[in-house]
Amino acid sequence: MRGLAPVFSMMALAAAQTPAPPVQFICPMDPDVCSNSPGKCPRCGMALEAGIQEPLKYRLRLDVSPPTVPAGKPVELRFQLVDPRTDQRAVKFELVHEKLFHLFLVSADLSYFVHDHPEAGADGIFRYRTTLPAPGVYRLLADSYPSGGTPQLLPAFLTTAGYDKPISAALTHPAPDLSPKQSENLRVSLRLDPPEPISGKKTMMFFRVEPREGLEPYIGAWGHLLAVSDDLVDCIHEHPMYGNSEPEIQFDVFFPRQASYKVWVQFQRKGVVNTAAFVIPVHEPR
């Protein structure tokens with residue numbers, strides 16, 4: 001056994017001399033953005049972190065006042081995120097695109113869209129007052145980043161009082177619509193690559209906005225995109241891959257399934273937020 005000692009010593013020496021693998025700094029919101037040194041994500045502006053935690057899904061607790069959820073009258077939505085490790089409400093959050101909480105709200109027929117930002121109280125509860133325009137089913141998506149956790153995209157449903165139809169009866173299947181849109185002070189046109197998106201494959205979406213003069217970042221990004229499938233199952237929130245320095249503003253999206261997706265995209269020009277909507281059919285691989 002003594003004869004093995006030099007071998008072990010050489011192995012220990014070699015291990016000591018082997019350089020440690022470099023630390024990789026990764027964006028918590030855009031994990032494909034990484035660097036060998038600290039810095040900020042060029043896409044969303046968040047500080048790069050040394051390694052990324054495994055995804056940790058929080059629970060979304062939603063309370064509505066009045067609890068009957070009337071249509072056409074003011075309601076208050078209260079959001080709490082519950083840490084699954086402690087079963088306690090999260091009270092500290094990281095800024096993501098200049099906000100602590102992004103709320104998306106769409107109607108089941110995909111005719112109504114809201115992107116807004118509930119305010120946080122000292123108790124960690126986010127509150128938002130709104131008026132749902134018509135009876136029916138609404139899909140919510142809560143986007144936030146609890147400190148010490150991981151970024152969260154948490155869905156929920158709201159159904160207004162007296163509406164007793166199943167969700168399937170509220171759904172619509174809009175026809176494809178890739179035509180240019182005139183918004184508040186921008187014309188927005190869309191080009192797809194590939195022209196016919198395939199589920200599970202990357203779809204590059206190129207938005208041309210005209211005029212470009214006066215285009216500004218909107219809450220920390222050159223644009224925001226929400227895609228929702230026509231059966232309300234999939235909700236995708238993305239930010240541009242490339243910004244205002246390119247002729248077109250590019251988003252990369254992986255549509256998970258064959259479905260029609262309504263896509264809302266938002267850009268800001270001269271202080272005005274422009275929202276344009278498109279309907280994109282996604283096919284299975286042939």
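**Salt bridges, strands and two loop residues**

Let's start with one pair. Arg286 and Glu196 form a salt bridge, with their closest N and O atoms 3.3 Å apart. This pair links distant parts of the chain, 90 residues apart. Arg286 lies in the segment after strand S21 (272-282), and Glu196 sits in the loop between S14 and strand S15 (202-210). A salt bridge here is a side-chain nitrogen of Lys or Arg within 4 Å of a carboxyl oxygen of Asp or Glu.

A word on the source. This is a predicted model, where local features need pLDDT of at least 70, side-chain atom pairs count only at pLDDT 80 or more, and totals for chains, interfaces and linings use all residues. Residues are numbered from 1 along each chain as its sequence is written, and side-chain values use heavy atoms, with hydrogens and water left out.

How are the helices and strands named? They are DSSP runs, numbered from the N terminus: helices are H or I with at least four residues, strands are E with at least two.

Back to our pair. Are its two residues buried or exposed? Arg286 counts as exposed, because its relative accessibility is 82%. Glu196 is partly exposed, at 44%. The cut-offs: buried means under 20% relative accessible area, exposed means over 50%, and partly exposed is in between, using a 1.4 Å probe on protein chains only.

Next pair. Arg208 and Glu248 meet through their side chains in a salt bridge, at 4.0 Å from N to O. Again the pair links distant parts of the chain, this time 40 residues apart. Arg208 is in strand S15, while Glu248 is in the loop between strand S18 (235-238) and S19. Arg208 is partly exposed, at 34%. Glu248 has 15% relative accessibility, so Glu248 counts as buried. There is a network here too: salt bridges that share partners join Arg191, Arg208 and Glu248.

A third pair is Asp177 and Lys181, whose closest N and O atoms are 3.1 Å apart in their salt bridge. Asp177 is partly exposed, at 26%. Lys181 counts as buried, at 18%. How many salt bridges does a search of the whole structure find? The number is 13.

Lys181 takes us to the strands. Lys181 stands opposite Val188 in S14. S13 and strand S14 (residues 187-193) run antiparallel and are joined by 2 bridges. Two strands pair if DSSP finds at least two bridges between them. In general, strands of a sheet pair through backbone hydrogen bonds, either parallel or antiparallel.

Now the sheet. It is open, with 4 strands in the order S13-S14-S15-S19 and antiparallel pairing. Why do S13 and S19 each have one side without a neighbour in the sheet? Strand S13 (181-182) and strand S19 (249-254) stand at the edges, and each has a single partner strand, so one side is left without a neighbour.

Over to a hairpin. Strand S7 (residues 101-107) and strand S8 (residues 113-116) run antiparallel, joined by 4 bridges. One bridge partnership is Val106 with Phe113 in S8. The hairpin has 5 residues between its strands, and Leu110 in the turn has a positive phi of about 65°.

Then a buried residue, Gln152. Gln152 lies in strand S12 (residues 152-159). Its relative accessible area is 3%, so Gln152 is buried. The Gln152 side chain reaches the backbone oxygen of Leu56 at 2.5 Å and that of Thr150 at 2.8 Å. Not counting residues up to four places away in sequence, Gln152 touches several others, among them Tyr58, Leu81 and Asp143. Contact means heavy atoms within 4.5 Å.

Two loop residues now. Ala175 and Pro176 are both in the loop between H2 and S13. Ala175 counts as exposed, at 55%. Pro176 counts as exposed, at 58%. Ala175 and Pro281 are 106 residues apart along the chain, with C-alpha atoms separated by 8.4 Å. Leaving aside neighbours within four places in sequence, Pro176 is in contact with Val279 and Pro281.

Last, confidence. pLDDT is the predictor's confidence in each residue, from 0 to 100. The protein chain averages 87, and 81% of the residues score at least 70. Over residues 1-8 the pLDDT is below 50, and this stretch has 0 contacts beyond near neighbours in sequence. Residues 11-16 are also below 50, with 0 such contacts in the model.

Definitions and conventions:
Polar contact = N/O pair within 3.5 Å; in protein donor to acceptor, adjacent residues only side chain to side chain.
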